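Me: I would like to go through this structure in short questions. Please reason briefly and finish each answer on the value or name.

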Amino acid sequence: MDSYKIKVIEGISLVITILLAHVLLSVPSALISQTASSTLLNILYVATITIIFFFIIYKLFSLFPGSNIIDISGFLGGKVFKFIYGIIYIAYILGMSAIIIRLFSEGLSLISFSHIDVDFIILIFIVAVGIVNYFGLKAICRLNIFILPLMILSIVFLYFASIGEYSFERVFPILGYGLKETFVDGISNIFAYSGIYVLFFIFPLLTKISDFKKVGFSSILIYTVFLLLSVSALLFSIPQVANTTSPLSLYILARQISLGEYIQNIDAFFLLIWIPFLFAYLSINMHFALATFKQLTNIKYSRGMVFFFCTVIFVLSLLSKNMAEIYMLNNTFYKYTSIIFIFLLSLIILVFAGIKKLILHLMKKGAQNNV
Amino acid sequence: MFKKMTYLIAIIILCAIVFSGYLHEQDIDDSAYVIALGIDAGSDDNSIELTIQVAIPSENGSSSSSASSEESSSSSSEKGASDTLNQTVECKSIDSGINMVNNIISKRINLSHCKFIVFSEEIASRGISEYIYTLENSIELRSNCNILVSTDDAKEFLKSPNPMLENSTSKYYEIITTNNKYSGYTVAATLNTVYSSMYDSFGEACTMLGKIDENEDEDKNTVLGGVAVFKGDKLVGTLDVNETIPHLIVTNQLNTCILSIPSPFSENKNMDFHVSIFSNTKNSVSIKEPEPHITTSVSLVSTILSNTSDFDSSSQEDINKIEQALSDYVKNEIINYYEKTSKEFKADIAGLGKNAVYNFPTVNDWKNYDWLNKYENATFEVNVDVNLETSYFIS
């Protein structure tokens, strides 16, 4: 790819984009169906765990300046392990992108483009993503910096414009299905933060090592605020039984907004923001998949792979026959794979790599002392 | 390279425009815009009679105020008011009915301007959840579309609008739903609020109530007044216009209304008051006893509208007497309303469960308490505080 170094603000916006894209889709509904009225409490809980998780990985990453998670896996397990881990990472990113693009396209088809085939909608997304990636990380960051504030504004607007429909009592019973369900089983809601995988890659792309800490903490905290806004808006305005499955959670809110007698049905306005936002999301995912591929294979010109990866996403996104399969994939593949892959496996690799580095360091020190 | 990319982008944009647009062109003339839907019971339990009231664009907004009701060539197609066409079909579901009407009128039915959904009493007694769920899932239909139960057939109800001061039926529908802001005679019930209260565990749903009013000259017109009370998704009873005011007071929805109460100064005379809520009504639910105890504190502000020579408006003693009389009247009305909704209808349409749910830590505890069925045994305590403001120019 390119050796473009990203600034703190660009880094934060990259991470928030990846995180927020899932909020636009099914994450709020999935969180509410898991923990019911205690979802807001649960989000604060998983946000705290995520911050602790990031603090640990920040400390571990500091042991490997200029390395991303793939480099560290190579340090821990050698070339073969690095290759396998990298391929799994690429598969995860492409699979996740395929689910998201299909889910969003199905939503668009349902709302506005009922006369257009879903595969045609997906194709337009894919081609646009391919073009953006052809221009590299700098173009992606610029697109992102432009579109993310609009997305954030749309969430804030949705929250305040829906206030008339709120029943704040829906936050009760405060413990939802119970203490265990909120704080033990509810820990699985940490999948809402799985977009922090980007942090594992941007460490070497930042201009300063200290920026990593700023990017990580800021993006998690900012995202938590918008996740709370989105989930609370949905929780307060819709009965819990209705919060089960929806391809576009935020659209449900957008649909019910009317500003007086004359400004009604403004949901199309939100689609104007959400469509380019999804372009930005897919472009970032595609970039990191390509970067990982380049790192694994050492090919000189990875741009040639852009449209190959686009084709893979396109084909993967069309594999599901119907919405039931997509929901199943989203609720199992995305949720549990994210928890295992992003939070558990990455942490294990980082911890063991840290231990290995420490042992090597001690051995080296011991050898120097012997000399 | 830049040139190549520019050409590529231009080709993609061109393809997108060429292939996505014209093949599925939809002209405004191809659509028929529905302004109201009526749902009646069909010939058997499994079918409904769907009436679709469509705006006739050429006549819409014209200065003609004639409202003849003439039969058209189709037996089930009738002209309602001057600017609408009512089409009735018997069908199994709303969507299949719409499709049948699409076929009959050779235009695509569009629900995006639908203002009213009218259910007949019979179909509402059978249960309306499947229709509400279908309509809530319709992308075209706005969530602020009004829901109404008609004591007469929905089909007849939609034929009857006879707006005397309004040319457009669509505009008339918009205006009559806002009447309750100053009359207090009905509730605001939209698709969204009905759907929410029907699926919530805090209370039951209620909708507007409508009927056909026939005068001495046999001119028919639609009148909105009262509340249709639901238990689950089934209609269990109705509240009249006087019983609607306590409902609006308890749920903080009252804007203003006129109350007429027996005069405390002389028998056989009434006094009129303009009443509005001074500070929000506070409801609290105690669950210490086996049966819930509901306390409602109401604070009203009112002005005297009817002048009588029986009292001195500058006398504090007389003012206190009037405040007490008004307070007792409102208190009595609210207690009657509570008794009727709890003992007779067994339906908490005020959503008082919202004030009870605080007492339960988990969803299971709340479900086990079974608020919606506990409500029928609830006891009530009502406190009413009235601040009287005289409003005479001349005393």
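Me: At about what angle does helix 10 of chain B run to strand 14 of chain B?
Reply: The model is predicted. Helix 10 covers residues 316–344 of chain B. This helix lies across strand 11, strand 12, strand 13 and strand 14 of chain B. Its angle to strand 14 is about 145 degrees.

Me: Which strands of chain B stand at the edges of the sheet?
Reply: The sheet is open, with 4 strands in the order 11-12-13-14 and mixed pairing. An edge strand here has a single partner strand, so one side of it is left without a neighbour in the sheet. The two in question span 257–262 and 379–389: strand 11 and strand 14 of chain B.

Me: How many bridges join strand 11 to strand 12 of chain B?
Reply: Strands of a sheet pair through backbone hydrogen bonds, either parallel or antiparallel. Strand 11 and strand 12 (residues 270–286) of chain B run antiparallel. One bridge pairs Ile261(B) with Met271(B). The number of bridges joining the two strands is 6.

Me: Which strands of chain B does helix 9 of chain B touch?
Reply: Helix 9 of chain B, residues 241–250, packs on the sheet. Its direction makes about 45 degrees with that of strand 12 of chain B. The strands touched are strand 11, strand 12 and strand 13 of chain B.

Me: How far apart are the axes of helix 1 and helix 9 of chain A?
Reply: Helix 1 (residues 8–24) and helix 9 (residues 210–237) of chain A pack at an angle of about 35 degrees. The crossing is right-handed. Residues in the contact include Val15(A) and Leu19(A) from helix 1, and Ile222(A) and Phe226(A) from helix 9. By class the contact has 12 nonpolar, 4 polar and 2 charged residues, and the axes are apart by 9 Å.

Me: Which helix of chain A gives the most to the side that touches chain B?
Reply: In the interface, 27 residues of chain A are in contact with 25 residues of chain B. Helix 4 (69–111) and helix 5 (118–134) of chain A each give two or more residues to that side. The side of chain A has 15 nonpolar, 9 polar and 3 charged residues. With 3 residues, the one that gives the most is helix 5 of chain A.

Me: Is Leu150(A) buried, exposed or partly exposed?
Reply: Leu150(A) sits in helix 6 (residues 137–161) of chain A. Buried takes 20 or more other C-beta atoms within 10 Å, and exposed takes 12 or fewer. Leu150(A) has 14, so the class is partly exposed.

Technical notes: Residues numbered from 1 in each chain as written. Chains lettered and ligands numbered in written order. Predicted model: local features only at pLDDT ≥ 70, side-chain atom pairs only at ≥ 80, totals over all residues. Contact = placed C-beta atoms within 7 Å. Nonpolar A, V, L, I, M, F, W, Y, C, P; charged D, E, K, R; others polar. Axes fitted to C-alpha atoms, helices over the stretch in contact; angles between N-to-C directions. Left-handed = near helix turned anticlockwise from the far one by under 90°. Pairing = 2+ DSSP bridges.
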